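Dear colleague,

I am passing on the structure we spoke about, and I would be grateful if you could look through it alongside the notes below.

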Amino acid sequence: TAICNGASSILTASGTDNYSWSTGGNTASITVTPSSTTTYTVTGTSAAGCTGTATVSVTVNPLPTVSIDSSQSSICIGASATLIANSNISGTSFI
């Protein structure tokens, strides 16, 4: 699972009725908002007392820093200037 910094991810476990997450949660699904790549662990316990454990890692990708450069700092009404979008992350697309 990969998310952008500041985003949330819903983690869902299945296979039993009782869950215990490393975050302290105890439901089948939890919502996490990590600020860096984090591994989460869930332990499921059956009615017979048997347990199983699973882990998942949530990768946090950095947000790009976006800037705009202009070919001119001021223009006359009716004239045009070229605006250039830049990012600190290679491969960033602009809309």
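The notes that follow take up the sheet, then one loop residue, and then the cysteines.

Please keep in mind throughout that this is a predicted model. The sheet is an open one of four strands, arranged in the order S1-S6-S5-S3 and with mixed pairing. Its edges are formed by strand S1, residues 2-4, and strand S3, residues 18-21, each of which pairs on one side only, and the twist from one strand to the next averages 30°. Strand S1 runs parallel to strand S6, which covers residues 51-61, and three bridges join the two; within S6, Thr59 is the residue that stands opposite Ala2.

The loop between S1 and strand S2, the latter spanning residues 9-12, contains Asn5. Although 56 residues separate Asn5 from Asn61 in sequence, their C-alpha atoms lie 5.7 Å apart in space. Leaving aside residues up to four places away in sequence, Asn5 touches Pro34, Ser35, Val60, Asn61 and Leu63. Even with these contacts, Asn5 is partly exposed, its relative accessible area being 36%.

As for the cysteines, the structure holds zero disulfides, a disulfide being counted when a pair of cysteine sulfur atoms lies within 2.5 Å. Cys4 has a relative accessible area of 43% and is therefore classed as partly exposed, whereas Cys76, at 60%, is classed as exposed because the value is over 50%.

With best regards

Key: Residues numbered from 1 in each chain as written. Predicted model: local features only at pLDDT ≥ 70, side-chain atom pairs only at ≥ 80, totals over all residues. Heavy atoms only, no water. Pairing = 2+ DSSP bridges. Axes fitted to C-alpha atoms, helices over the stretch in contact; angles between N-to-C directions. Buried < 20%, exposed > 50% of the residue type's maximum accessible area, 1.4 Å probe, protein only. Contact = heavy atoms within 4.5 Å.
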